[in-house]
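Student: Could you take me through one helix pair in this model, up close, and then show me how that part sits in the rest of the fold?

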Amino acid sequence: MTLPDVRPAVPVEPAAMRALVGDAVARGARRQWAIDDLDWAALRPERLTDTDRSAVRFLTFIEDHIPGYLTYFLELFPVTAHEGSIEDFCFNREYFRFLIAWAYDEERHAAALTRYQIDAGITDPDKLLVELATEGAKKFELPYEHPVQAFTYALVQEKATQLFYQRFKEVVTEPVLRDLLTRLARDEARHFAFYTNHVGEYVTRHGLAATVPDIKDVLGTFRMPLADTLKGYWRWSLKVADAAAYDHTEAYDAVVRLVTGFASSRGDASAADLAEFVDRLRGIAPGSPR
């Protein structure tokens, strides 16, 4: 990925970003949980189906790639050796506060899923260590240059992950996994809420006309993390999604609702255009609800 040489205007005013991040970080701190909060003594591995085990392995790879995700955002919004304006740095510095809190959540997700695999006898710990390292060493990239594209991608990805955890819980009977999925979904819902507010602030500052084309580009090219690097990703992901009756394009509705809120108050046709665009995407996406 080639990062842009010239960045556009500061995505969100630093003061507004400080308020958004402050609220998100404080809410996260109030709702923290620890891996030891799970009742590991209640684990019943015999209740896991082969599909359950496969899904847990798949999710562990996704969550464990947090160093790659964090590196991507820190490179796109640097807080060291910064060459932009002071206002730009202030925005990046505030965003950094959120990214660190978010990364802590995601690292806990990875650690909890890793422990679950080991305690449930899904895999050998030494084998898992090597498998995760093999995938973790691969670089995470997104084909986007504009800040709102990175934010929109994160919004959709957090919502899609939240939805999957909720759907997966509906078909799982093992009690510890059900508890874990509930906790993961709640964290992802908080992350999604932050990015919804974040993109909303971006639209407020830059307007729908400048924003919707970039949003459409993200939705039209969206791939879940590791889609291009994890071996056997597509076959694996489709099998897991089918078992949970899940489709990631459901997360696109959150973006449509966000744009609709702005368009309705301004008499803008962007919402209808975006909704039609999403509908066309679903018509060609494998496994999409029609």
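Tutor: Here is the helix pair, followed by its surroundings.

A word on the ground rules: this is a predicted model, so local features need pLDDT of at least 70, side-chain atom pairs count only at pLDDT 80 or more, and totals for chains, interfaces and linings use all residues. Residues are numbered from 1 along each chain as its sequence is written, and side-chain values use heavy atoms, with hydrogens and water left out.

The pair is α3, residues 66-76, and α4, residues 86-119. Helices here (and strands) are DSSP runs numbered from the N terminus: H or I over at least four residues for a helix, E over at least two for a strand. Two packed helices are described by the angle between their axes and the distance between the axes. For α3 and α4 the angle is about 170°, and the axes are 10 Å apart. Those axes are lines fitted to C-alpha atoms over the stretch in contact, with angles running from 0 to 180 degrees between N-to-C directions. That angle is why α3 counts as roughly antiparallel to α4; the cut-off is over 145 degrees, with under 35 roughly parallel, 65 to 115 roughly perpendicular and the rest oblique.

Now look at who touches whom, where contact means heavy atoms within 4.5 Å. From α3 come Ile66, Tyr69, Leu70, Phe73 and Leu74, and α4 answers with Tyr95, Phe96, Leu99, Trp102, Ala103, Glu106 and Glu107. By class that gives ten nonpolar residues, no polar ones and two charged ones. Nonpolar takes in Ala, Val, Leu, Ile, Met, Phe, Trp, Tyr, Cys and Pro; charged is Asp, Glu, Lys and Arg; the others, Gly among them, are polar.

Follow Tyr95 outward. Neighbours within four places in sequence aside, Tyr95 is in contact with Met17, Phe73, Phe77, Phe151, Phe194 and Tyr195. Tyr95 and Phe73 also turn up, with Tyr116, Tyr195 and Leu219, among the residues with the most contacts inside the largest nonpolar core, which has 95 residues. Such a core is a set of buried Ala, Val, Leu, Ile, Met, Phe, Trp, Tyr and Cys residues joined through side-chain atoms within 4.5 Å.

The loop between α3 and α4 holds Ala81, which has a positive phi of about 50° although it is not a glycine. Ala81 is exposed, at 74% relative accessible area (exposed is over 50%, buried under 20%, partly exposed in between, with a 1.4 Å probe and protein chains only). Ala245, in the loop between α9 (233-243) and α10 (252-266), also has a positive phi, near 50°, and is exposed at 60%.

For a buried site, try Glu135 in α5 (residues 125-136), at 10% relative accessibility. Beyond its neighbours within four places in sequence, Glu135 is in contact with Phe61, His65, Thr229, Leu230 and Lys231.

Stepping back, the protein has eleven helices and zero strands. Of its 290 residues, 51% count as buried. Among contacts with a separation of 6 or more, 85% join residues 24 or more positions apart. The radius of gyration is 19 Å, which agrees with the value near 19 Å for a compact globule of 290 residues; it is taken over C-alpha atoms, and the globule rule is 2.2 Å times the number of residues to the power 0.38.
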